[in-house]
Amino acid sequence: MSDQASHDSIQETKKRLRYARKITALTGAGISAESGVPTFRGADGLWRQYSAANLATPEAFARNPRLVWEWYDWRRGLIAGKKPNPGHNALASLERAKPGFLLITQNVDGLHRQAGSLNLRELHGSIWRLRCLVCGNTREDRTVPLALPPHCADCGGMLRPDVVWFGEALDAAVLDESFAAAASCEVMLVVGTSALVQPAASLAWQAKHNNAWVVEINPADTPFSSEADAVIRALSGQALPELVAGL
């Protein structure tokens, strides 16, 4: 894609954002990678001899909760020093400018909250929240490192990361709210996501089906690129601040 095409996409999207009342954004690993957060998937995601697919499951936790917690504690340590980048900050600014804005993220790193986003749906949970297996209570705990395995202060039950593991269903309420926002928005920003992981990948199609202006912001081509109304081939930390400036 030419620089001129990206420029035209930015200008048209700025105009549509200015007049839109309902805006939805979907973010994936790409926006966090710009803050230095590893993806923890594929060859780069190996820890000791384990892959994420072997550890992020209910079965792995049932077999060896300490091992799974050691992996999550290591991940938390890597993420703890990372900061929101200009892309995260721009989306928080967009929320302040547009009350009808909803941010949906596939990321569990908490950087959107750290940037100040409040109207936020975390599809896959948060690595900083812990959930009790006995009483179900949740709490945020940013202690690094944790005493392993952590236990509930209320009932003494074992805590697990409050994230969605392979083989688990997403929170139904969060998913319903996300699809409702995609179906009713006038503009949807699809930022730093491969458009491969379901059901999140279907959100952009839902918006497109309901006649929203759907914008893909990604340096790389994705399966959704040919369907997007506008494509901005740039890092989110470059494109998003330009899109929200002056709103």
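This section describes the two sheets of a predicted model, the helices that pack on them, and a few local features of the loops.

The six-stranded sheet makes a good starting point. Its strands follow the order β3-β2-β1-β7-β8-β9, and the sheet is open, with parallel pairing. At its edges stand β3 (120-122) and β9 (230-232), each of which pairs on one side only. Direction ignored, neighbouring strands in this sheet are turned by 15° against each other on average. Within the sheet, β1 and β7 run parallel and are joined by five bridges. Readers who wish to find this pairing in the structure may look for T24, which stands opposite M188 in β7.

Helices pack on this sheet as well. Helix α8 lies across β1, β2, β3 and β7, and runs at about 130° to β3. Helix α10 (residues 236-244) also packs on the sheet, where it touches β7, β8 and β9; the direction of α10 makes about 140° with that of β8.

Helix α8 has a helical partner too. Two packed helices are described by the angle between their axes and the distance between the axes. For α8 (residues 172-184) and α9 (residues 201-209), the angle is about 30° and the axes are 7 Å apart. The crossing of α8 past α9 is right-handed. On the α8 side the contact is made by S178, F179, A182 and A183, while α9 contributes S202, L203, Q206 and A207. Sorted by class, these residues comprise five nonpolar and three polar ones, with no charged residues in the contact.

F179 offers a handy view of this packing. This residue of helix α8 touches P199, S202, L203 and Q206, leaving aside residues up to four places away in sequence. F179 and Q206 are 27 residues apart along the chain, yet their C-alpha atoms are separated by 7.2 Å.

What do the buried residues of α9 pack against? The residues concerned are A201, L203, A204 and A207. Together they pack against the strands β1 (23-27), β2 (101-105), β7 (187-191) and β8, and against helix α8. Just after α9, N211 takes a positive phi of about 70°, a sign noted here in a residue other than glycine. N211 belongs to the loop between α9 and β8 (213-217). With a relative accessible area of 69%, N211 is exposed.

The second sheet is built from three strands. It is open, in the order β5-β4-β6, and its pairing is antiparallel. The edge positions are taken by β5 (138-140) and β6 (159-163); each has a single partner strand, so one side of each is left without a neighbour in the sheet. Here, neighbouring strands are turned by 40° against each other on average, direction ignored. On this sheet packs helix α5 (residues 65-80), which touches β4 and β6 and whose direction makes about 140° with that of β4.

Strand β4 (residues 125-132) runs antiparallel to β5, to which three bridges join it. One position to look for in this pairing is R131, opposite T138 in β5. On its other pairing, β4 is joined to β6 by five bridges, again in antiparallel fashion, and C132 has L159 of β6 as its bridge partner. Is β6, an edge strand, enclosed or left open by the rest of the structure? Five of the five residues of β6 are buried, so the strand is largely enclosed by the rest of the structure.

The loop between β5 and β6 holds two prolines of interest: P145 and P149. The peptide bond joining V144 and P145 is cis, with omega about -5°. A cis bond likewise leads from L148 to P149, where omega is near -15°.

A last local feature is N85, in the loop between α5 and α6 (86-97). Buried or exposed? N85 has a relative accessible area of 7%, under the 20% cut-off, and is therefore buried. Its side chain reaches the backbone oxygen of I31 at 2.8 Å. Not counting residues up to four places away in sequence, N85 touches I31, E34, S35 and G237.

Methods
Residues numbered from 1 in each chain as written. Predicted model: local features only at pLDDT ≥ 70, side-chain atom pairs only at ≥ 80, totals over all residues. Heavy atoms only, no water. Pairing = 2+ DSSP bridges. Helix = DSSP H or I, 4+ residues; strand = E, 2+ residues; numbered from the N terminus. Axes fitted to C-alpha atoms, helices over the stretch in contact; angles between N-to-C directions. Contact = heavy atoms within 4.5 Å. Buried < 20%, exposed > 50% of the residue type's maximum accessible area, 1.4 Å probe, protein only. Polar contact = N/O pair within 3.5 Å; in protein donor to acceptor, adjacent residues only side chain to side chain. Left-handed = near helix turned anticlockwise from the far one by under 90°. Nonpolar A, V, L, I, M, F, W, Y, C, P; charged D, E, K, R; others polar.
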